[in-house]
Structures are given as C-alpha cells and as structure tokens.
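Please look through the sequence and the model below before reading on. The paragraphs that follow move from side chains paired by charge to a residue in a strand and then to a helix.

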Amino acid sequence: MSGGSWDYSVFWNEAMKHIETEVSEQEFSMWFNRMGYSHAAESTIFVSVPSSFYRDQVKQRYLNLIEQTLHDLSGSQLTLEFEVKKVGGEVAAESGNGSGAKRPTGRSAAGSEGGVKVAEQKRVRRPHPTLREEYTFENFVVGHNNSFAANAAMAIAKNPGTGYNPCLIYGGVGLGKTHLVQSIGNSVYQEFDNLKIVYVTMESFTNDFIQSIREKKTQAFKTKYRYADVLLIDDIHFLQKKPETQEELFHTFNALYDSNKQMVFTCDRPVSEIRDLTDRLRSRFERGLNVDLQPPSFETRFAILKKKIERATIAIPEEVIELICNNVTTNVRDLEAALTKLIAYADLVDKDISLDVARNQLKDVFASPKQNNITMDVIQRTVADYFNMSSQELKGKKRTKVIAFPRQVAMFIAREMTEYSTTEVGLEFGGRDHTTVMHACQRIESRMRTDPTLEPTVQFLIRQIKEQGTKS
Ligand code: ADP
Ligand code: MG
C-alpha cells in the first residue's frame, strides 16, 4: 500500500471544531487557524505549522488537548508530528503564513472582530475636536485582560447614562485606559448626533477650574462641564492633594448624576488607593461600576501588533512580531513604541526588517528593566513547579541533590532576570550567603557548557516566567 491510505482528516476537522468551542476565540485564531492537517501514516497525524516557535508553543499548550480530543473522536490513540513549513506552505490559507517574505497585509489576519467594514458604509461625522480619531472600539483588541472593561465600555456607548453610571476604568500605565474612554466618546459621537460629549484629563479640568476663578468666569466653567451629556475624565489620580478641585468635581458629579448624564473616569489605581481624596468624592466614584485593565497575554499582544501593522500597511515577519511580544510584556504603549521604532528604521534605511535587524534595533528597549514585573516569587514558583516541588522546599534548608539543583537553576535565573544582587537573591532563598548564590550561578553556567539540554530548559523557564510576569 502506498501513501494516502491513511486519512484522518475527518477526525482532525472534527477535533478542530470541538476545540474551537473550548478555547477562547483569540486563542483559536492565534494558534489553531494556522495549523493544518498535512498527511497521516499509521497512527500518526502530520500537522504543518508556520514556525518552530509556533510548534513549541502549540505542543506545550495544546498537545494534550488535541490528542485527547482526537482520541475521544476516533477511539484510537493518534499521535501528532509537527512539520514546520516556512514559505508559502498550505497552512497559509487562513490567516497569513509564517514566512518572512514581504506580502500585502490583508484584513484576514488574526483579527476576530469583523466589524471593520461596517463603519465604512455608515455616514461618518467629522472627527470630534478633542477625541483622537483612532481611539475606537474597532481598533481596540479585546483579550482576557481587558474584556470586562471593554464590554462595559461598549455597553455604555450604546446606552449612555442608563446602566453603568458612573464607570471607573483603572489600570497601570499604557494599558489602554485613554483608548477605551475615548472610544466611548467617539462611538457616542457617531451614534448620537445630539449628545454633548466632553473629554478632559483631570489635569486640564484642574487648570480650567483655576483659570476660571482667576478670570472670574466660573459660570462658563460650570456651563462647559455641567451641561455635558457624556463627561469623560481621564486620570483622576491627579486629584490627589487638590481639595478645591475635588470640591468642584464633587458638585459637577452631583449635577450630572442627578440628571442621569453619563460619567466615565479613568485612574491608574483603584479609587481606594488615591490618597487625600475626600470621603464623599470617593464614595461617588465607588458608587458605579469599577473595572480594571490587566497587562495583556501573549496572544493579545500579538493581536495588537498585528492590528497595528494592518493599518500601517507594511510587512513585518511574524517571527519579528513574536520577538517583540516575548520581550515587551507589561505595557501596550511600549509594545507599540518598539514596533514604531522598527518601522521608522526600516523606512529610513530602506531595509527589510529581519530578525537580526529587529534584535539589534530593539536591544535597549528589551534590556530596560521596567519591561518586566518579574518577582522572586514568580521565579521560585515556576522553577519549583517545573521540578515538581514546592517553593517552600526551594527556599528551605535541605541540601539534598534533588533540591540543590533546582535551587541553583532558580538562583541563576533570578540573577539573569532581575536587578537583585547576589546578596539579595540569597536573602530570598532562605537567607543564604551571597557566595552560595555566586557559586550556584557558576555551577549552572559551566553545566550549560557540557549538558546540551540545560540551556533550552533554562530558556524555557525564562519564557514561562515572563508570561507569568505579565499575568500578575
Ligand atoms: P493608558 O491611558 O492606560 O496609559 P493608552 O490608552 O494611552 O494607555 O494606551 C497606550 C497605547 O496602547 C495607545 O496607543 C493605545 O491605542 C494602545 N492600546 C492599549 N491597549 C490596546 C488594545 N487592547 N488594543 C489596541 N491598542 C491598545
Ligand atoms: Mg492615559
């Protein structure tokens, strides 16, 4: 019997359908759309994937799920073999191939929202004077980290002033607060001709207020803010230590609240952590819906960059996008900045963006310590998990070989990934001396030279820790 007599494609297709219902839409389009049934032999299915990175990720995350699903469907034990098909492989059909070649960037890539075209058919008003045009829901990528906030924002935009009022969106720098709150503004502006939308930063509200007192134009100030139908105030943490502005905002709030006008605020921390905020204003903010934005997962970061590239109509190899996503993990603004820097460079020197070019150009960005919020705890937990022990054991007194080796690995990684000195690392590991830490690092380094499996293991752990760091 020659090739072709083994065909499990029916089970494969069926399995994909099942899995689609089990993982998030984003995960599915990220990892499964670009995987393809290739052929089969005996009890093995050969699956094509666009890159080795991709293969390793899929194996690590989904191999069990896929094999289990196939088993459930076929009743027999089918195993998977992955084939990396670089250029123009049949895998490419769905959503872009993994090759580094320049290609037109269509709308098909990774995107899970299909709303792009709809907006174009509708009548579009000229841009709102104080809102940035590109801050729209269409341009906002929704992931696990922000879906609650994004859905709340969209619900508010549909029915301003009725449900979630006020709404407070909080989260760290560069996670999309301004983008979301302005998306509400832009959407309401397009949908409701007769509603007055006021967007300000807390800082300009404050300046406005001070100026209105100085110029004796408090009535104009009141008119501007108290007759808004939708008031959007960005960065209310700026209220700290400004009692008069707090007082004024309190009255503005009450006026709008009593007439069912929509208010949305953003803040870089939960309201409870704003210092020197009067109780009555605090309770006003807490009265409504409070939603937070978390750092994005790898998939979301990837989708954000994809989206940005789509709009910029330039070609960047997927491996470069992966590189950026793996190295810039905690802040979308920095993620975009890395991409912009690359594009600018490619433009100036008229060069394609290869992996090497990217590594070289983004060295400093990647090295910046603020990129990671890696804690010792995350390192210890990840390493302990991997070696099937507890972090308590890792930090404990025992010095048996089984524990000593993982401990050395963890110390080595701690020195690689954090700014901790050997003394500080020692303290985090059950109060050990800094020479112990030095010794551990030397041991691991020399072992990596002789044991070819150790380096990939360490790299794997580092990647896992980075991923954890983005979740925490
Ligand atoms: P913040 O106000 O929280 O500091 P911004 O709203 O200014 O953050 O976001 C920083 C940048 O990241 C902006 O350019 C924004 O468009 C982009 N951004 C943030 N989150 C997303 C997302 N989920 N999808 C697309 N772009 C995003
Ligand atoms: Mg902002």
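A residue is called buried when its relative accessible area is under 20%, exposed when that area is over 50%, and partly exposed in between. The model to which this scale is applied here is a predicted one. Arginine 381, with a relative accessible area of 39%, is therefore partly exposed, and aspartate 377 counts as partly exposed as well, at 38% relative accessibility. The side chains of these two residues, aspartate 377 and arginine 381, meet in a salt bridge with an N to O distance of 3.2 Å. Both partners belong to helix α16, which covers residues 376-386, and they are four residues apart, or about one turn of the helix. In general, an α-helix has 3.6 residues a turn, so residues three or four places apart point the same way.

The whole structure holds 15 salt bridges, and some of them join elements that are separate in the sequence. In one of these, lysine 224 pairs with aspartate 208, their closest N and O atoms being 3.1 Å apart; because lysine 224 lies in helix α8 (residues 218-226) and aspartate 208 in helix α7 (residues 202-214), the pair ties together parts that are 16 residues apart in sequence. Lysine 224 is partly exposed, with a relative accessible area of 34%, and aspartate 208 also counts as partly exposed, at 24% relative accessibility.

A further salt bridge links lysine 261 to aspartate 229, with 2.9 Å between the closest N and O atoms. Here lysine 261 lies in the loop between α9 (243-258) and β7, while aspartate 229 lies in the loop between α8 and β6 (230-234), so the pair connects parts that are 32 residues apart in sequence. Lysine 261 counts as partly exposed at 24% relative accessibility, whereas aspartate 229, with a relative accessible area of 16%, is buried.

Aspartate 229 is also among the residues touched by glutamine 262, which include Ile156, Pro160, Tyr164, Val230 and Leu231. Glutamine 262 is part of strand β7, residues 262-267, and with 1% relative accessibility it counts as buried. A polar atom of the glutamine 262 side chain lies 2.7 Å from the backbone nitrogen of glycine 161.

Burial can also be followed along a whole element, helix α18. Its 17 residues, 401-417, should span 24 Å at 1.5 Å a residue, which agrees with the 24 Å between its end C-alpha atoms. Twelve of the 17 residues of α18 are buried, so the helix is largely enclosed by the rest of the structure; among these buried residues are Phe405, Arg407, Gln408, Phe412 and Met417.

Methods:
Residues numbered from 1 in each chain as written. Chains lettered and ligands numbered in written order. Predicted model: local features only at pLDDT ≥ 70, side-chain atom pairs only at ≥ 80, totals over all residues. Heavy atoms only, no water. Helix = DSSP H or I, 4+ residues; strand = E, 2+ residues; numbered from the N terminus. Buried < 20%, exposed > 50% of the residue type's maximum accessible area, 1.4 Å probe, protein only. Polar contact = N/O pair within 3.5 Å; in protein donor to acceptor, adjacent residues only side chain to side chain. Contact = heavy atoms within 4.5 Å. Expected span 1.5 Å × (residues − 1). Salt bridge = Lys/Arg side-chain N within 4 Å of Asp/Glu carboxyl O.
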